[in-house]
Structures are given as C-alpha cells and as structure tokens.
Amino acid sequence: MNMPKVLFVSSEIAPYAKTGGLADVGSSLPKALKSEGVDVISVMPLYSSVNRAGYGLTEVFQSSCVHMGNCEEWYSVYKASLSGVDTYFIEFSKYFDRPGIYHTKAGEYADNAYRFAFFCRAAMQLAKDIRFKPDVIHCNDWQTGLIPYYIRKAEDFFFNGTKTVMTIHNIGYQGIYGADVLEYARIDRADFHAESFESFGGVNFLKGGIAYADKITTVSPSYAKEIQDEVGGGGLHMLLSYRRYDLEGILNGIDTDEWNPATDKYIPQNFSAETLHLKKVNKLALQERFILEKNENIALFGFVGRFAGQKGLHLLQYAVEKALKDMVCQFVIIGSGETEYEQYFGSLPARYPLRAGSFIGYSEEAAHLLEAGADFFVMPSLYEPCGLNQMYSLAYGTLPVVRATGGLDDTVKNYNEQTGEGTGFKFQLIDGDALYNTIGWAVSTYYDRPRHIEQMRMAAISEDFGWKNSAIRYINLYKNVTAL
Ligand code: ADP
Ligand code: GLC
C-alpha cells in the first residue's frame, strides 16, 4: 500500500517550543503517523528559547535563501530527531532570535505577519533543499496559512501534485494584519479579495489558508460544526460552510508515552486501572506540594491552562470563590496569562490557606502531578476546539467538570445519577452559577455516592485516547486528497 510523504509545518512543536496544545499535537501526530508507516518530517522556526544543546540540534545548511518582496532572505537550517521523527528548524535571527514566540508581556510582535510569511516560504524551500517531495503539506493554524496559496500558485515543477491540508486548531487566532505585508509575502494584488485573504481591508492568514487548501480539518467533530455557525465561526462561517464537503473534524489524540499514569516520570506514585487505589498517594503529594490540608477525603479540584478569555476564567473565578466559601473542597490552579487572573489566582492561597493552592507560571511537572492527584479537573471553556487537558485527566482517572462545547462535549460523558455511568460532569450555559452548581454536583457525588465516583474513574481510565484511530483518519484523508 502506498503511504503519503508528508511535510508537517507548525509554529510550535513540543518539547522544543510550546505555548499550548498546538505544540502537543505538533509532536504527537507526526509520531503517530510515523508509527503507521507515513514518511513524515516536520518543520518549525528556531526560536532562541529552543534548547539546542539539550535536544541535540545539528546544522544541516548554513545558508539557504528565499525571495521575499524584492529582497533575498538568507538563513540556516538545523535538525533534531525525537521518537523517530526528524524536525527541521529554520534559523533566522532577524525574526526568531527574540525572547517570546509570538509576543512579550508588552504585546504582540509588530512584524508577526512578516515573520510567518517568511516561515511559510522557508518551510517549502526546506523540502526542496533536502529533496523531500511531499505528497501533502500539512499546515497548522494561521502561521502556516500562506502555504496553500503558494502551492496553488507554484510554477515550480517540484511541487507538482503536492496537496495541502489546513488544520484549524483555534479559530480565535486568525492572524489578521495590515495589507502592507502583501508585497513582502508576494501575494498578488489580484488574489487579494473577499474570497481569499482579504478581511475588512486586512490580510487574514487563516482565511487564505482555508480558501486555498485542498482539505481542511479541525480538531473535533463538534468544533467542525460550530465553526460553520455564526456564533462559533469567528467571521469565517460562510467560507467554512461553503467548503463543508472538504472540512472534517478529527479528534486529537494524546501522547500516551507522555501522559500515562503507569509510566509517568513526574509523579511520585504510578498507577493504572488495576491499581487505581494508589492514585491517592499522588493526591497527598499534591496537597503537600501546594500546602493544602493533607486529607485524602476532601474533594480536590484542579485547573491547568492558559489564562485567556477562551478558557472561561471569569466563570472559574466566580465559582471558585463561591465554592470555597460554601463547600468542603480544595482547589489547585496552575496557569499564566492575563494579569487580572494571575493576580486573582496568585492571591487565592493567602486568602484561603490550606484550601487553595496556585502556581502562576508554566510547569510541566506540576501539571502532571495535578492531573494525577486531583479528583476533578475543571474546564469551563467558552469554546474549546478539542482540549487536551480533559483527556489527560480522563487517562488519570480524574473526572472533568466541563462546559459542553467542542471537543469537551465530544470526549466527556455526562454522569448519570441513576446508574453511575459517565466520565465527568457537564453544564451548558456560559454562566458562573452553572459552573458553581456543577462543581456542587461533583462535590455531593463525591461525598454521597462514592461508589459512583469509583465507577466513573474506572470508566475514564479504561478509555482509549491514543492517536491511532485519528492518525488513520488523517492518513485516509491524505490518500483521498492525493488519490494515492
Ligand atoms: P490550548 O491549546 O487552548 O491552550 P489544550 O488543552 O489543547 O489547550 O492544551 C494545553 C496544553 O498546555 C496542555 O498540554 C497543558 O497541560 C499545557 N499547559 C497550559 N498551561 C500550562 C501551565 N501553566 N503549566 C503546564 N502546562 C500547561
Ligand atoms: C488549540 C485549542 C485546543 C486544542 C489545541 C490542539 O490551542 O484551543 O482546544 O486542543 O489547539 O489542537
């Protein structure tokens, strides 16, 4: 059977550089494709934050060149390999030798349109330089949005027959910039119109990506429907419903080498479905680490994530405050982002000693401990294309409390009080009290129906959220689009 050659392009790939779930998918999907026999390589920018020595990056080309506007940009290419997948890095200090990936505390970099237009060109040039003729270029989010256009317009024989797949990880980030980038990006003025990149006079990278890609995917079946609707489409619902026959929702998987309670190297006590009773050792460690009352019989809720509007932080703030006043429970919050929430959650432990803990910042280790040790994981997202944390939670027998949206709705099964079936607790309304009441529902189940909690934990930990099924769906999509 013929397997496609795939160039996977992403602005983030874990562990090299990560701001969110895109990076997790950027590493785990190519790895899963590779294990199914796909010839896949990936490419990303070489940010100065990437630990070159730690990941063993080696130089591949000292000088490669792309034409941008009427100038030549000269850059270098590096390479590293992890879990059998080769990742190529575009090193160009003018754009990537900076403290942040997209922004600093002061705001977004003013030249992001230029940075990622260049990256799109350089990713394609890489394929030529290493003579990797891709059947498919798999693009991810707005940072790669110009590639489908470049491929459509390519006069170059090298990309004859190459098809593009554009994956939308989050329609809330479209990459909309001033039209001044057109010349540098070499987008023909004739192609700058409402059916392609143009959006209220600006250049919309994601819109152009969707318009020119051969196939479009997003990261859960429910989100694929939501983005065709005015409420969830971020202004692109018309274009997306126009392209609905080329749009597919494929649920993300999780990397079970990284997120597996039986082998997790970050947690003090490994456990599995057979030894689920050992989970409480991690709960006690989590309580100790966050200076909470060490008591395995108090309902413990956790949150890990970006402090961004999308994540429903105002609902969380409201409900946590009320729950800590009214209920016998504990909270641990890990995250960083918007200052208002950093201040609020940062000061929570001082206001509720022994009952609330927080870490403002990024910590892989603390996130693993929380997933392993908490009883419940709260994700009140306003929208959630897929969401990985609720799947990590399920894999650790930690029950998610989620708003029924996007991938959260697709992956969590609501609790049935009569039978004890389900894997979590869901609510519908974007409303602080709806979340508060659902936390209350989880708390009362915890104290009043502990056997149901055990049953749900067992159901959650026994589910399979690995990549295999979804990787096969991507492979079928690649084959379908290339007629391999
Ligand atoms: P999103 O991509 O919208 O941020 P996801 O749920 O898909 O949401 O993925 C978030 C990823 O980022 C997860 O791997 C999560 O553990 C991680 N993460 C987010 N914030 C933090 C943090 N402060 N510390 C550790 N991990 C974090
Ligand atoms: C985005 C989404 C998140 C998704 C991730 C990976 O950041 O917000 O829901 O899981 O991409 O696809």
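**Two ligands and their surroundings**

Guide: A backbone N or O atom of G21 and an oxygen atom of ligand 1 lie 2.6 Å apart. This is a predicted model, where local features need pLDDT of at least 70 and side-chain atom pairs count only at pLDDT 80 or more, while totals for chains, interfaces and linings use all residues. Residues are numbered from 1 along each chain as its sequence is written, chains are lettered from A and ligands numbered from 1 in the order in which they are written, and side-chain values use heavy atoms, leaving out hydrogens and water.

Visitor: What makes the pair at G21 a polar contact?

Guide: A polar contact is a pair of N or O atoms within 3.5 Å (within protein, one must be able to donate a hydrogen and the other to accept it, and residues adjacent in sequence count only if both atoms are side-chain atoms). The G21 pair is 2.6 Å apart, so it qualifies. A polar side-chain atom of K18 also lies 2.9 Å from an oxygen atom of ligand 1, and a polar backbone atom of G361 is 2.8 Å from a nitrogen atom of ligand 1.

Visitor: How much of ligand 1 does the protein bury?

Guide: Alone, ligand 1 exposes 560 Å², and the protein buries 93% of that. Those areas come from the Shrake-Rupley method with a 1.4 Å probe; for residues, only the protein chains shown count as cover.

Visitor: How many residues surround ligand 1, and which are closest?

Guide: There are 19, with G21, R306, K311, G361 and L388 closest. A residue is near a molecule or strand if one of its heavy atoms lies within 4 Å of it.

Visitor: Why is ligand 1 placed where it is relative to domain 1 and domain 2?

Guide: Domain 1 (5-253 + 467-482) and domain 2 (273-461) both give residues to its shell, so ligand 1 lies between them. The domain bounds come from an automatic or database domain assignment.

Visitor: Which residues come nearest to ligand 2?

Guide: Of the 13 residues around ligand 2, these are H169, N252, E384, C386 and G387. Its shell draws at least three residues from each of domain 1 and domain 2.

Visitor: What makes N252 a polar contact partner of ligand 2?

Guide: A polar side-chain atom of N252 lies 2.8 Å from an oxygen atom of ligand 2, so the pair meets the polar contact limit. An N or O atom in the side chain of H169 is 2.7 Å from an oxygen atom of ligand 2, and for Q310 the distance is 3.2 Å.
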